[in-house]
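Let's take a quick tour of a protein model and what sits inside it. Have a look at the picture below, then read on.

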Amino acid sequence: MATLELERLVKRYGTVEVIHGVDLAVPSGAFCVFVGPSGCGKSTLLRMIAGLETVSAGEIRIAGRRVNELPAARRGLAMVFQSYALYPHMTVRQNLAFGLENLGTPRAEIARRVAEAARMLRIEELLDRRPKALSGGQRQRVAIGRAVVREPAIFLFDEPLSNLDAELRVQMRIELKALHERLGNTMIYVTHDQVEAMTMADLIVVLSKGRIEQAGPPLELYHRPANLFVAGFLGSPKMNFLPVRPAEGGVRLASGDRLAMPEPALGTEAELTLGVRPEHLALAPAEAGAGLAGRVRLVEHLGAEVHLHVETGAGTLTLRTPGEWAAAAGDRVRVVIPPEACHLFGPDGRVVRSACRGPQRG
Ligand SMILES: Nc1ncnc2c1ncn2[C@@H]1O[C@H](COP(=O)(O)OP(=O)(O)OP(=O)(O)O)[C@@H](O)[C@H]1O
Ligand SMILES: [Mg+2]
């Protein structure tokens with residue numbers, strides 16, 4: 001267990017800066033997930049923490065100690081990559097023991113750690129097999145086992161599940177979370193999958209273009225996104241965004257409808273974006289008085305829930321409703337937007353008013 005701190009961390013490749021001064025404090029024992037689109041700098045950050053990339057400016061501290069100049073092997077970390085190259089000519093047991101043998105760990109200690117990791121990862125019966133006789137998920141568990149036996153202060157994972165099929169990913173996600181609960185180590189986990197981030201993290205760090213957009217607990221980010229990027233990145237289907245302008249007692253939609261809400265203290269000329277999640281919208285019959293008039297364009301049945309895409313004068317809205325019945329394509333309907341579930345973002349993309357719904361405020 002150890003804390004990890006990044007202070008004004010910068011990475012340049014020649015004259016190109018790819019990490020632009022990142023500040024972050026990860027508490028000891030946290031499951032921290034770096035998430036963001038391809039090329040945002042997740043792997044670069046992780047590799048800098050691991051000691052596989054040099055630091056151009058700023059500082060990395062592990063357990064309060066500066067490690068910028070410390071070689072990778074002496075940082076007390078273990079890293080699991082997406083492409084987990086196991087040694088094909090060695091058995092699982094030998095693969096697990098290899099790193100410790102290189103460090104000169106006593107044989108009895110190696111045997112103890114290998115047995116413990118194998119039990120924890122449920123690969124005991126596979127110890128005498130070679131990697132080619134294992135399934136993808138079993139191989140991935142061996143790769144994780146190689147990190148576990150090193151008993152690191154911090155685990156670093158770079159998209160370890162992206163080579164697995166959907167079902168196995170879900171299973172491994174649960175196993176990794178359980179492993180974290182048993183070990184209590186600090187984990188830094190990189191993914192571009194926002195579902196993985198939401199379900200696994202205690203602390204999510206959303207990155208874009210080499211900067212942190214927001215860091216915090218998953219539900220805090222989901223319910224109180226600091227900006228349009230985070231609002232749009234977390235959640236599936238995505239949050240709906242509509243252009244609005246401040247109006248007396250609320251905002252005016254592009255359709256001309258007024259939505260009553262605490263007035264944003266901005267000039268009436270300000271172009272704002274209203275954000276509302278698909279699960280917060282409700283459907284009303286066409287003859288209802290309330291709501292925004294629209295026509296259903298597309299209905300997606302997922303079994304447990306339905307996604308409706310409704311075209312309105314204010315823009316296209318996606319609704320997510322439980323159950324099977326909702327509406328059919330072509331239906332005229334009304335969409336009710338609950339003001340208390342709406343976020344408002346300013347012209348610069350930053351939130352100017354958060355929804356007052358969410359777990360923190362009931
Ligand atoms: N050796 C390098 N030289 C120059 N630029 C690099 C180098 N390595 C990475 N970059 C650039 O740094 C940026 C961040 O790359 P990085 O690999 O950290 O992204 P990522 O978030 O891990 O993306 P992905 O999800 O695709 O793995 C990218 O724009 C990439 O092109
Ligand atoms: Mg990467």
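Which residue in β9 is the bridge partner of V33? The partner is I204. Keep in mind that this is a predicted model. With that pair in hand, here's a briefing on the sheet, the helix packed on it and the ligand.

**The sheet**
- V33's bridge to I204 in β9 fits into a bigger picture: strand β3 (residues 31–35) and strand β9 (residues 203–208) run parallel and are joined by four bridges.
- Both strands belong to an open sheet of six strands, and reading across it you get β6-β7-β8-β3-β9-β10, with mixed pairing.
- At the edges you'll find β6 (77–80) and β10 (211–216); each has a single partner strand, so one side of each is left without a neighbour in the sheet.
- Going from one strand to the next, the twist averages 15°.

**A helix on the sheet**
- Helix α4 (residues 136–148) packs on the sheet, where it touches β6 and β7 (154–158).
- The direction of α4 makes about 170° with that of β6.

**Around the ligand**
- Ligand 1 is surrounded by Y13, V16, V18, G36, S38, G39, C40, G41, K42, S43, T44 and H192.
- Two elements, β2 (16–26) and α1 (42–50), give two or more residues to this shell.
- Of the elements, α1 gives the most to the shell, with three residues.
- Sorted by class, the shell around ligand 1 has seven polar residues, four nonpolar ones and one charged one.

How values were computed: Residues numbered from 1 in each chain as written. Chains lettered and ligands numbered in written order. Predicted model: local features only at pLDDT ≥ 70, side-chain atom pairs only at ≥ 80, totals over all residues. Near = placed C-beta within 6 Å. Nonpolar A, V, L, I, M, F, W, Y, C, P; charged D, E, K, R; others polar. Pairing = 2+ DSSP bridges. Axes fitted to C-alpha atoms, helices over the stretch in contact; angles between N-to-C directions. Contact = placed C-beta atoms within 7 Å.
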